[in-house]
Amino acid sequence: MKTRRLGRNGPVVSAVGLGCMGMSQSYGQPDEAGGVATIHRALDLGVTFLDTADIYGPFTNEKLVGGAIHGRRGEVFLATKCGFVPGVDGRPGNVDGSPEHIRAACDASLQRLGVDTIDLYYLHRVDPRTPIEESVRAMAGLVDKGKVRYLGLSEVSAKTLHRAQAVHPITAVQSEYSLWTRDPETGVLPACRELGVGFVPFSPLGRGFFSGTVRTLEGLPADDFVEGSLDSSKGR
């Protein structure tokens, strides 16, 4: 397995990461046993970079990942996220980037994951009601307490990244990026290069579309993320 350094001064991780969201939601019926087996196989193949979030499930994916890496924590660079608050249907509802929420969410994630430290802690989305400086300052406090090693942001603008970097070093930015999603090229990628921040693309295979496994919408439930992605791609 090839490796990459996240940013100018960040950690070294596997060049291929494993996003675990689909093991608990969004792509068909969740299969916990299959998810655990997939994580174990990925670790056996040299994948070290695992990605989850508190909102996935919600809350169930962190438990799945935590159980899967039990006894193998030393092989894993573990990333999770905070910021989304589930709505009444369990899907992401409001965004809460307040310091109080971030601190409480981190403690809850540590418990669900069964670990003492989160390697990379992302703010999943920017809270328009909370200045990014306040959110990052709270996350930096988690680093000071040893609960988190590195900080990340998800789906932010170049301007927001600059503001966040002025408060505490940002190790990684995560955004959707694939052959049909090129938005980061116009601002975020140049900002990452300028600041020495790593860039982590999610859905690089277009939610399976570019893997060749998705050839028709027939049989997919209406709320499947693949169907939503194919529909939204028509205007790109």
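Residues count as partly exposed when their relative accessible area falls between the buried class, under 20%, and the exposed class, over 50%. Arg182 is a handy case to start with: its relative accessibility is 35%, so this residue belongs to the partly exposed class. The same goes for Glu185, which comes out at 36% and so is partly exposed too. These two residues also meet each other, as Arg182 and Glu185 form a salt bridge whose closest N and O atoms are 2.6 Å apart. All of this is read from a predicted model, and the values below are computed from that model.

Taking the chain as a whole, the secondary structure amounts to seven helices and 11 strands. Of the 236 residues, 50% are buried. The accessible surface is about 11,600 Å², and carbon and sulfur atoms make up 52% of that area. As for contacts with a separation of 6 or more, 68% are between residues that sit 24 or more positions apart.

Next comes the sheet. Seven strands make it up, running in the order β3-β4-β5-β8-β9-β10-β11, and the sheet is open with parallel pairing. At its edges are β3 (18-19) and β11, each of which pairs on one side only. Further in, β4 and β5 pair in the parallel sense, with three bridges between them. Phe49 has Phe77 of β5 as its bridge partner. Helix α3 (residues 99-113) packs on this sheet and touches β5, β8 (118-123) and β9 (148-154), with its direction at about 140° to that of β8.

On to the aromatic rings, where the count is three pairs. One of them is again Phe49 with Phe77, an edge-to-face pair with 5.5 Å from centre to centre and 75° between the planes. Phe49 belongs to strand β4 (residues 49-51) and Phe77 to strand β5 (residues 77-82), so this pair ties together parts that are 28 residues apart in sequence. Both partners are tucked away: Phe49 has a relative accessible area of 7% and is therefore buried, and Phe77, at 5%, is buried as well. Another pair is Tyr177 with Phe199, where the ring centres are 5.7 Å apart and the planes stand at 90°, so this pair is edge-to-face. Tyr177 sits in the loop between β10 (172-176) and α6 (188-195), while Phe199 is in strand β11 (residues 198-202); with the two positions 22 residues apart, the pair links distant parts of the chain. Tyr177 and Phe199 are both buried. There is also a cluster, in which ring pairs link Phe49, Phe77 and Tyr150.

Charged side chains give the next set of links, with 10 salt bridges in the structure. Among them is the one between Arg112 and Glu62, whose closest N and O atoms are 2.7 Å apart. Arg112 is part of helix α3 and Glu62 part of helix α2 (residues 60-68), so their pairing ties together parts that are 50 residues apart in sequence. Are these two residues buried or exposed? Both Arg112 and Glu62 turn out to be buried.

A further salt bridge brings together the side chains of Asp107 and Lys147, at 2.8 Å from N to O. Asp107 is another residue of helix α3, whereas Lys147 lies in the loop between α4 (132-144) and β9, so to speak a link between distant parts of the chain, 40 residues apart. Asp107 has a relative accessible area of 37% and so is partly exposed, and Lys147, at 23%, also counts as partly exposed. Salt bridges also form a network, which links Asp44, Arg72 and Glu75.

Back to helix α2, the home of Glu62. Which residues of α2 are buried? They are Asn61, Glu62, Leu64, Val65, Gly66 and Ala68. The cover over the buried residues of α2 includes α1 (32-44), β4, β5 and α3. Two of these covering elements, β4 and β5, are the strands that hold Phe49 and Phe77, and α3 is the helix that carries Arg112.

Key. Residues numbered from 1 in each chain as written. Predicted model: local features only at pLDDT ≥ 70, side-chain atom pairs only at ≥ 80, totals over all residues. Heavy atoms only, no water. Phe/Tyr/Trp six-rings, centres within 6.5 Å; stacked < 30°, edge-to-face > 60°. Helix = DSSP H or I, 4+ residues; strand = E, 2+ residues; numbered from the N terminus. Buried < 20%, exposed > 50% of the residue type's maximum accessible area, 1.4 Å probe, protein only. Pairing = 2+ DSSP bridges. Contact = heavy atoms within 4.5 Å. Axes fitted to C-alpha atoms, helices over the stretch in contact; angles between N-to-C directions. Salt bridge = Lys/Arg side-chain N within 4 Å of Asp/Glu carboxyl O. Areas by Shrake-Rupley, 256 points an atom, 1.4 Å probe, with all protein chains shown as cover.
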